[in-house]
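The following exercises are to be worked with the sequence and the three-dimensional structure at hand. Each task is followed by a solution in steps.

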Amino acid sequence: MTDWLGPEEWRAVALSLKVAFWAMTASLPVGLFTAYALARWQFPGKQVLNGLVHLPLVLPPVVTGYVLLLGLNPNAPLGRALAEIGIVLAFNWTGAALAAAVMAFPLMVRAMRLAIEAVDPKLEQAAATLGAGPLWVFATVTLPMVLPGIVAGAILAFAKAMGEFGATITFVSNIPGQTRTIPSAIYAFLQVPGGESAAMKLVIVSVVVAMGALLLSEWIGRRIAARIGGGHA
Amino acid sequence: MLEVALRHRFDALDLDVTFQAPQGLTVLFGRSGSGKTTIVNAVAGLLRPDAGRIVVDGRVLLDRAQGVDLPPHRRELGYIFQEGRLFPHLTVRRNLKFGAWFAGRRARQAEFDRVVDMLGIGQLLNRRPGALSGGEKQRVAIGRALLSAPRLILADEPLAALDAPRKAEIMPYFERLRDEAGVPILYVSHSASEVARLATTVIALDQGRVIRQGPAAEVLGDPTVLPTGARDAGAVLTARIAAQHSDGLTELDAGGNALFLPRIGGQIGDSVRVRIAAHDVILSRARPDGLSSLNILPGRIAELRAGDGPGAMVALDTSAGRVLARITRRSADALGLEPGQTCHAVVKSVAVAPGDIGA
């Protein structure tokens with residue numbers, strides 16, 4: 001594998017995996033909370049929040065990346081404040097993870113929200129009458145039943161993060177080893193004569209990872225559904 | 001002892017009730033829309049009434065005037081829902097132990113085996129609810145509520161979703177619950193036969209009001225109390241098994257009167273409840289002779305109530321207890337029936353349905 005991929009290609013693959021992993025992991029709790037709020041709570045500004053969450057899905061990715069750059073560059077107030085506590089996002093792999101997370105967020109929230117809406121509140125009521133307080137109800141009834149949706153949302157977000165290009169390259173540029181993820185690397189290889197074969201290898205890696213993620217999510221979803229759906233333990 | 005006073009208004013329902021449920025099984029009895037489920041949900045804390053006070057054994061669960069409103073998980077009640085509401089992702093064993101875990105020290109470990117044994121669900125423990133029949137689900141639901149060490153058990157039409165054989169399967173468990181659990185049970189029903197068989201106390205509801213409350217035999221024997229309509233009216237008698245005859249009939253002794261019914265399982269001397277539907281009773285001034293019917297109860301007319309239509313309801317006090325008869329007004333006039341007169345109630349032996357027989 002290391003022979004087949006050159007060091008530069010290999011670095012792009014490793015970076016993409018790292019970026020996608022952190023994008024997925026860090027947005028998981030936020031996504032779950034947002035999905036729960038949108039599914040269950042009534043509050044002023046709910047439609048605005050819903051719109052904001054879905055905005056990256058419909059905006060040109062370049063616009064999303066540019067907005068991130070405007071807000072989080074080291075000279076912007078927020079970017080400077082973050083820099084002072086040691087968080088540098090612009091032109092850094094963490095920025096690539098943030099851009100990927102923002103772009104994947106709508107997909108993640110959507111999958112989780114649908115799963116939460118499918119949970120019958122009557123089961124949660126039953127748990128409450130049996131002595132479970134709200135947090136316990138969530139942990140013992142809601143969460144296990146929403147699990148397939150969480151897994152599906154997370155894997156979808158991971159796959160999306162692996163493929164993010166527009167927002168990433170606008171926000172954090174295309175620095176080898178730092179922000180050059182697989183799509184950026186493919187783009188870079190295609191800009192130089194003779195780069196097609198390296199690009200093609202990365203294309204194959206992309207397809208394999210994306211396909212694997214989809215199959216994994218299907219498999220996990222089906223296993224959990226079978227566990228919940230009935231039959232013997 | 002459960003004490004309830006509630007006022008609540010929503011949609012078409014204007015609820016205003018005050019009642020007490022003593023030890024034993026208290027049935028909230030009335031047609032749909034009379035407010036039964038609203039009351040149970042308010043007791044459970046799943047619905048906040050406009051005004052009210054709910055006290056279980058001196059423990060205040062709700063007092064809107066004092067600002068007390070315990071959340072459902074702190075009310076320490078066991079709620080048996082119509083649809084069971086078992087947790088699909090947990091095994092039967094973990095469903096059963098769900099409430100006990102939160103009850104902590106109140107729940108005793110020894111209870112688990114006893115309840116599993118009583119409900120006959122030992123062989124289901126490792127299954128998930130999706131693999132259970134309707135009757136099995138409901139037995140597990142009963143066990144789950146019971147094992148949360150409740151101070152009060154609520155049951156909202158727990159048999160309504162089951163077919164007749166499953167109803168017959170579950171009904172004895174509620175009888176045992178009533179007789180053995182030592183916890184008051186508040187049970188919602190619109191089925192006259194369930195009420196007759198299970199109720200210790202009956203709270204009859206109509207359009208959000210309590211129209212009558214008291215011991216089951218008393219309330220059901222009152223011709224003015226017809227929460228589900230005259231067609232369902234019927235009195236409840238308590239009798240003792242006197243003999244099992246070889247022709248397939250069981251002879252009951254009801255206050256010195258012999259009643260013949262199709263075979264009832266049980267030992268001689270066992271106490272049984274029978275419900276006699278008002279429309280299965282014929283009245284005769286003189287003691288009838290040469291009738292095919294085997295069951296004749298002499299008594300005195302306690303009350304006579306003409307309905308809006310052609311029917312009339314007659315309450316007859318017999319040595320077996322109160323019997324209701326639904327006859328036409330025309331017959332009542334022709335016989336010259338009046339309160340105080342002696343009269344004979346004729347009951348066809350087949351008129352007592354097996355489902356109405358209970359310990």
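**Exercise 1. The fold of chain B**

In this predicted model, 46% of the 359 residues of chain B count as buried. Determine whether the radius of gyration of chain B agrees or disagrees with that of a compact globule, and describe the secondary structure of the chain.

*Solution.*

1. A compact globule of 359 residues would have a radius of gyration near 21 Å, and chain B has 22 Å; the two therefore agree.
2. Along the principal axes, the C-alpha atoms of chain B occupy a box of roughly 65 × 50 × 30 Å.
3. Eight helices and 20 strands make up the secondary structure of chain B.
4. Consider next the contacts in chain B between residues at least 6 apart in sequence: 68% of them join residues at least 24 apart.

**Exercise 2. The surroundings of strand β10(B)**

Identify the strands that are joined by bridges to β10(B), and state the direction of each pairing.

*Solution.*

1. Strand β10 of chain B covers residues 201-206, and five of its six residues are buried, so that the strand is mostly covered.
2. Strand β3 of chain B (residues 25-29) is joined to β10(B) by four bridges, and the two run parallel. Within this pairing, B:Val202 of β10(B) has B:Val27 opposite.
3. Strand β11 of chain B (residues 209-215) is joined to β10(B) by six bridges, and here the strands run antiparallel. B:Leu205 has B:Val210 in β11(B) as its bridge partner.
4. A hairpin is formed by β10(B) and β11(B), with two residues between them. In the turn, B:Gln207 has a positive phi of about 45°.

**Exercise 3. The contact between chains A and B**

State how many residues each chain contributes to the contact, and analyse the side that belongs to chain A.

*Solution.*

1. Chain A contributes 20 residues and chain B 24 residues.
2. On the side of chain A that touches chain B, at least two residues each come from α6 (121-129), α7 (134-163) and α10 (196-229).
3. The largest share of that side is the six residues supplied by α6(A).
4. Sorted by class, the side of chain A that touches chain B holds ten nonpolar, eight polar and two charged residues.

**Exercise 4. An annotated span in chain A**

Describe the span of chain A that UniProt lists as "domain: ABC transmembrane type-1".

*Solution.*

1. The unreviewed UniProt entry assigns this domain to residues 13-215 of chain A.
2. In the model, residues 13-215 of chain A are 80% helix and 0% strand.
3. The end C-alpha atoms of this span lie 20 Å apart.

Terms used. Residues numbered from 1 in each chain as written. Chains lettered and ligands numbered in written order. Predicted model: local features only at pLDDT ≥ 70, side-chain atom pairs only at ≥ 80, totals over all residues. Contact = placed C-beta atoms within 7 Å. Nonpolar A, V, L, I, M, F, W, Y, C, P; charged D, E, K, R; others polar. Buried ≥ 20, exposed ≤ 12 C-beta atoms within 10 Å, placed from the backbone. Pairing = 2+ DSSP bridges. UniProt positions renumbered as here; feature names shortened; annotations may be inferred. Rg over C-alpha atoms; globule rule 2.2 N^0.38 Å.
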